[in-house]
Amino acid sequence: MVHVSATPVLALRGVSKRFGAVQALTDVELEVHAGEVVALVGDNGAGKSTLVKTIAGVHPIDEGSIEWEGKRVSINRPHDAQNLGIATVYQDLALCDNIDVVGNLYLGRELHKRGVLDEVEMERRALELLKTLSIRIPSVRIPIASLSGGQRQTVAIARSMLGEPKLVILDEPTAALGVEQTAQVLDLVERLRERGHAVVLISHNMADVKAVADKVAVLRLGRNNGVFEVKSTSQEEIISAITGATDNAVTRRAARNAEVTK
Amino acid sequence: MTTEKTPTATKVVNPDAAHDALTAVDPRLLVREQGLKGYFSEFKRKVHAGDLGSIPVVIGLIVIAVIFQTMNSQFLSAENLSNIAVTMVATGMMAVGIIFVLLLGEIDLSVGSVSGVSGAIVAVLSVTHGMNEWLALVVALASGAAIGALHGFFFAKIGAPAFAVTLAGLLFWLGFMLQLLGENGTINLDGEGVVGQLTTYYFSDIAAAYGLAAVAVAGFFLSSFFDNRRRAAAGVPSRPLSDIVMRTVLLGVIAFAAAAMFNQYKGLPLALVLFLAVLVITDFVLRRTAYGRKIFALGGSVEASRRAGINVTAVRVSVFALAGLFAAVGGLFWASKIAAANQSAGAGDLLMNVIAAAVIGGTSLFGGRGRTWNALLGVMVIVSIQYGLALEGIATPIQYMITGGVLLATVVIDSVTRRTQKTAGRA
């Protein structure tokens with residue numbers, strides 16, 4: 001682990017979110033520091049995606065508060081999140097297959113020179129960006145369609161870096177990737193941490209989580225179910241927190257009996 | 001590139017590549033060799049990957065020229081080629097508009113009818129009502145754009161399929177044109193007027209054709225040269241000078257040969273100059289401006305475009321407006337060619353020819369791939385076939401069948417190259 005700041009970049013305090021009759025999130029707490037990778041894990045329907053969407057401004061929160069660098073903020077639109085310095089890379093990639101790498105990196109924020117696209121400057125900066133992130137792709141002037149899944153994912157992540165975000169949220173970045181491609185993406189996650197970005201990584205893959213995350217925040221049925229230091233926690237402990245293996249009729253009875261005998 | 005590698009990355013490289021992975025440059029990177037050799041290896045790589053570009057259509061044009069020339073020696077005469085060049089402009093202008101729509105991955109079936117409306121508006125306003133012809137022309141173009149924007153509104157804002165909206169437009173605007181023309185059915189235009197001269201005016205001074213060729217070649221060379229110098233100065237990959245010179249020479253040969261040919265007949269046709277100007281401008285807009293980038297992005301992935309902050313509705317409406325505008329422009333050239341607005345304008349095989357021209361030229365029907373220069377190549381193929389068959393006195397039924405065959409051949413080539421592209425990871 002590299003240097004970790006005292007004030008978290010992002011802190012969620014008692015966040016709740018309700019969709020009609022469904023209580024998607026209940027009193028969720030989460031802290032992310034600069035230069036730290038926090039893995040957000042949980043079973044399907046645990047509220048991971050909802051939580052990420054509240055941070056990204058897709059769904060405003062109902063209760064609780066969001067603190068950004070120690071100050072309370074309200075995030076009501078995706079734009080608010082972007083302005084704060086939050087970049088989100090969604091699972092289904094937001095890239096255009098027919099446009100080349102440079103065009104995709106700068107899509108929607110093209111550089112201009114006298115009203116005309118400044119292709120040279122965009123290409124130069126794209127090469128520079130890819131180099132600092134040690135991303136290797138065959139050429140920045142070939143369409144995204146000719147890249148492998150892992151290369152596309154790294155381009156999508158690189159694209160989120162253009163706005164110099166403080167916090168990067170990666171939604172299942174290694175889902176549907178092969179072994180080598182997964183390694184490429186994990187390398188990139190480590191490089192983001194080295195550069196001092198805070199990273200929230202949503203993953204189903206325990207191996208990935210163990211490989212790159214510093215902390216693991218477990219969600220279960222829309223509630224916190226523990227935050228673990230990756231180094232000092234076994235995979236079994238995390239999985240039992242995800243599945244709720246430690247929280248069932250038997251354990252509850254044991255806990256009650258322990259109290260009674262005390 | 002640094003040689004620095006994280007442990008994980010080194011681990012995952014397969015044993016054969018492990019040695020290479022230690023070198024500074026990844027062997028998979030596409031580094032182009034300098035000079036002619038590099039040019040040919042790049043070309044070979046592209047052909048293998050199914051990236052044929054304009055090669056099939058250029059070969060097709062050569063085959064057409066050879067076949068018709070052996071059938072009738074008049075085919076490659078200056079007069080015939082000049083006539084082909086003038087006639088193709090009407091269809092070509094409409095094909096430019098269709099290419100914008102095809103880039104979105106949509107279709108506009110109404111362009112034929114809209115072109116008829118535009119011709120009728122000019123004729124009714126200027127001949128029947130005695131309006132200034134320039135003003136009538138502006139009204140016709142604005143109407144075309146407005147009609148296109150209306151189609152775009154129903155497609156982009158209401159969410160109706162573009163196919164259905166423009167099919168309704170095809171019928172509606174056909175009826176609208178017939179209503180405008182009234183009982184008479186035909187309004188003759190003044191052959192010496194603005195619209196009349198669109199296809200009849202020739203720059204008879206031989207300096208005009210050669211001058212335009214020289215300006216085009218010089219413009220091409222200088223823009224590539226300075227663009228390249230900027231790239232080299234910024235340290236990004238640039239083309240070798242020999243490459244630019246080769247392209248310039250190729251363009252020069254074609255441009256001056258065409259100029260010499262036009263000068264043997266009546267000179268440089270105004271219609272062709274306008275068409276080339278439209279092609280240069282639209283190509284610039286598509287490839288060098290943010291607006292053009294948005295159109296390509298929408299053709300690639302609508303969701304990605306929306307997430308990148310592109311106003312999807314506005315771009316879609318504007319593209320349909322452009323299709324309507326270019327349909328109107330084509331309608332004016334059509335009216336000019338027959339010196340009248342009549343009931344058959346915009347009907348028959350016009351719509352099919354426009355779409356065929358765009359597709360034959362190399363524009364993908366699936367969106368996101370194509371250039372407006374495709375309109376020039378495609379329309380050359382279609383009009384050459386029409387003229388070649390007309391020279392032989394072969395009747396319209398056979399013309400339709402042959403044009404249909406060519407279109408089928410084109411989409412077969414397109415599909416096959418797409419499959420090759422898929423296996424080469426480029427689809």
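Ala339(B) is partly exposed, with 15 other C-beta atoms within 10 Å. Its phi is positive, about 55 degrees, although Ala339(B) is not a glycine. The residue sits in the loop between helix H15 (312–338) and strand S4 (340–342) of chain B. The model is predicted.

Chain A offers a counterpart. Glu172(A), also not a glycine, has a positive phi near 50 degrees. Glu172(A) lies in the loop between strand S9 (167–171) and H6 of chain A. Its burial is set by count: 20 other C-beta atoms lie within 10 Å, so Glu172(A) is buried. A third positive phi, about 90 degrees, belongs to Gly57(A), just after H1(A).

The table adds Phe68(B) to the two non-glycine residues.

| Residue | Place | Other C-beta atoms within 10 Å | Class |
|---|---|---|---|
| Ala339(B) | loop between H15 and S4 of chain B | 15 C-beta atoms | partly exposed |
| Glu172(A) | loop between S9 and H6 of chain A | 20 C-beta atoms | buried |
| Phe68(B) | helix H4 of chain B | 21 C-beta atoms | buried |

**Chain B**

Chain B holds 18 helices and 4 strands. Of its 427 residues, 37% count as buried. Take the contacts in chain B between residues at least 6 apart in sequence: 77% of them join residues at least 24 apart.

Phe68(B) gives a case of distant sequence positions brought together. Phe68(B) belongs to helix H4 (residues 55–71) of chain B. The C-alpha atoms of Phe68(B) and Tyr387(B) are separated by 9.4 Å, with their positions 319 residues apart along the chain. Neighbours within four places aside, Phe68(B) is in contact with Phe75(B) and Gly388(B).

Next, a helix pair. The axes of H6 (residues 111–128) and H8 (residues 162–181) of chain B come within 8 Å and cross at roughly 20 degrees. Angles under 35 degrees count as roughly parallel, so H6(B) is roughly parallel to H8(B). The crossing of H6(B) past H8(B) is left-handed. On the H6(B) side, the contact is made by Gly112(B), Ser113(B), Val114(B), Gly116(B), Val117(B), Ala120(B), Ile121(B) and Val124(B). H8(B) brings Gly169(B), Leu170(B), Trp173(B), Leu174(B), Phe176(B), Met177(B), Leu180(B) and Leu181(B). By class, this contact of H6(B) with H8(B) has 12 nonpolar and 4 polar residues, and no charged ones.

**Chain A and the core**

Helix H1 (residues 48–56) of chain A is mostly covered, with 8 of its 9 residues buried. The buried residues of H1(A) are Lys48(A), Ser49(A), Thr50(A), Leu51(A), Lys53(A), Thr54(A), Ile55(A) and Ala56(A).

Which residues have the most contacts inside the largest nonpolar core? They are Leu201(A) and Ile98(B), in a core of 172 residues. Residues up to four places away in sequence not counted, Leu201(A) touches Val37(A), Ala39(A), Leu40(A), Leu170(A), Val189(A), Val212(A) and Ala213(A). In soluble globular proteins, nonpolar side chains tend to be buried together.

**Where the chains meet**

The contact takes 30 residues from chain A and 35 residues from chain B. On the side of chain A that touches chain B, strand S8 (116–117), helix H4 (119–132) and helix H6 (179–194) each supply at least two residues. By class, that side of chain A has 15 nonpolar, 5 polar and 10 charged residues.

Note on methods:
Residues numbered from 1 in each chain as written. Chains lettered and ligands numbered in written order. Predicted model: local features only at pLDDT ≥ 70, side-chain atom pairs only at ≥ 80, totals over all residues. Axes fitted to C-alpha atoms, helices over the stretch in contact; angles between N-to-C directions. Parallel < 35°, antiparallel > 145°, perpendicular 65-115°, else oblique. Left-handed = near helix turned anticlockwise from the far one by under 90°. Contact = placed C-beta atoms within 7 Å. Nonpolar A, V, L, I, M, F, W, Y, C, P; charged D, E, K, R; others polar. Buried ≥ 20, exposed ≤ 12 C-beta atoms within 10 Å, placed from the backbone. Core = buried A, V, L, I, M, F, W, Y, C linked by C-beta atoms within 7 Å.
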